[in-house]
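Open the model in your viewer and keep the selection box at hand. We will go through it stop by stop, with something to select at each one.

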Amino acid sequence: SIKGAIGHTLGAAGLIETILALHVQQEKIIPASVGLTEPDTLAQGWINLEKKELKKSPVILNNCGFGGVNAALVLNNADC
């Protein structure tokens, strides 16, 4: 999640997340979760305290908005 790093950007959230996901695919590095120091033990493997190498593609983005406005986007990069 990038919300801890950039805050809630309302209508721009999906666009910002898409740009970041494209950057992640290009650089092959998943950023750490900002501000998280003690994750729940059940969250292991789902969140990162440190940056991590992206080993697989596709990247799936989910956006859930007010009033049931929901979207999912799959970005596939054959190089991953």
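The tour goes from the whole chain to a helix, then a pocket, and then single residues.

**Stop 1: the whole chain**

Start with the cartoon, and keep in mind that this is a predicted model. The protein chain has 2 helices and 4 strands, and along the sequence they come in the pattern α-α-β-β-β-β. If you show the C-alpha trace alone, its span along the principal axes is about 35 × 35 × 20 Å. Colour by accessibility next: of the 80 residues in the chain, 15% are buried. For a contact map, count the contacts with a separation of 6 or more; residues 24 or more positions apart account for 41% of them.

**Stop 2: helix H2**

Now select residues 13–27, which form helix H2. Does the length of this helix agree with the expected span? At 1.5 Å a residue, its 15 residues should span 21 Å, and the end C-alpha atoms are indeed 21 Å apart, so the two agree.

Next, show side chains on H2. Thr 18, Ala 21, Val 24 and Gln 25 are the ones to pick for the buried side. They cover an arc of only 120° around the axis, so they sit on the same side of H2. The general background is that an α-helix has 3.6 residues a turn, so residues three or four places apart point the same way. Turn the helix around and select Leu 15, Ile 19 and Gln 26: these are exposed, on the other side of H2.

What do the buried residues of H2 pack against? Add strands E1, E3 (59–64) and E4 (70–75) to the selection, and you have their packing partners.

**Stop 3: the largest pocket**

Keep H2 on screen and turn on a pocket display. The largest pocket holds about 1,300 Å³ of space. Helix H1 (3–6), H2, E3 and E4 are the elements that give two or more residues to its lining. There are 38 lining residues, and to find the centre, select Ser 1, Ile 2, Glu 17, Ile 60 and Leu 61, which lie nearest to it. Colouring the lining by class gives 21 nonpolar, 13 polar and 4 charged residues.

From Glu 17, draw a distance to Lys 3. Their C-alpha atoms are separated by 9.4 Å, with the two positions 14 residues apart along the chain counted as the sequence separation. Lys 3 belongs to helix H1 and is partly exposed, because its relative accessible area is 47%.

**Stop 4: backbone geometry**

Switch to a backbone view and check the torsions. As background, most residues other than glycine have a negative phi, and most peptide bonds are trans.

Select Leu 10 first, in the loop between H1 and H2. Its phi is near 50°, a positive value in a residue other than glycine. Leu 10 counts as exposed because its relative accessible area is 57%.

Then move to Lys 28, just after H2, in the loop between H2 and E1. Lys 28 has a positive phi of about 60°, although it is not a glycine. At 29% relative accessibility, Lys 28 is partly exposed.

Where is there a cis peptide bond to look at? Select Ser 57 and Pro 58: the bond from one to the other is cis, with omega near 15°. Pro 58 is in the loop between E2 and E3.

**Stop 5: the loop between E1 and E2**

For the last stop, select the loop between strand E1 (29–30) and strand E2 (52–53), where Thr 37 is found. Ser 33 has its place in this loop too.

Is Ser 33 buried or exposed? Ser 33 has a relative accessible area of 15%, so it is buried. Show its neighbours and, leaving out residues up to four places away in sequence, you will find that Ser 33 touches Ser 1, Ile 47 and Asn 48. Ser 1 is also one of the residues nearest the centre of the largest pocket.

Thr 37, by contrast, counts as exposed, because its relative accessibility is 66%. Finish with one more distance: from Thr 37 to Gly 11, 26 residues apart along the chain, the C-alpha atoms are separated by 28 Å.

Definitions and conventions:
Residues are numbered from 1 along each chain as its sequence is written. This is a predicted model: local features need pLDDT of at least 70, side-chain atom pairs count only at pLDDT 80 or more; totals for chains, interfaces and linings use all residues. Side-chain values use heavy atoms; hydrogens and water are left out. Buried means under 20% relative accessible area, exposed over 50%, partly exposed in between (1.4 Å probe, protein chains only). The expected span of a helix is 1.5 Å times one less than its number of residues. The arc is that of the directions from the helix axis to the C-beta atoms. Contact means heavy atoms within 4.5 Å. On a 1 Å grid over the protein atoms alone, a cavity is a set of points where a 1.4 Å probe fits but cannot get out, and a pocket is an open set with protein on both sides within 12 Å along at least five of seven lines; lining residues have an atom within 4 Å of a point. Grid points are joined across faces, edges and corners, and a volume is the space filled by probe spheres set on the points. Ala, Val, Leu, Ile, Met, Phe, Trp, Tyr, Cys and Pro count as nonpolar, Asp, Glu, Lys and Arg as charged, and the others, Gly among them, as polar.
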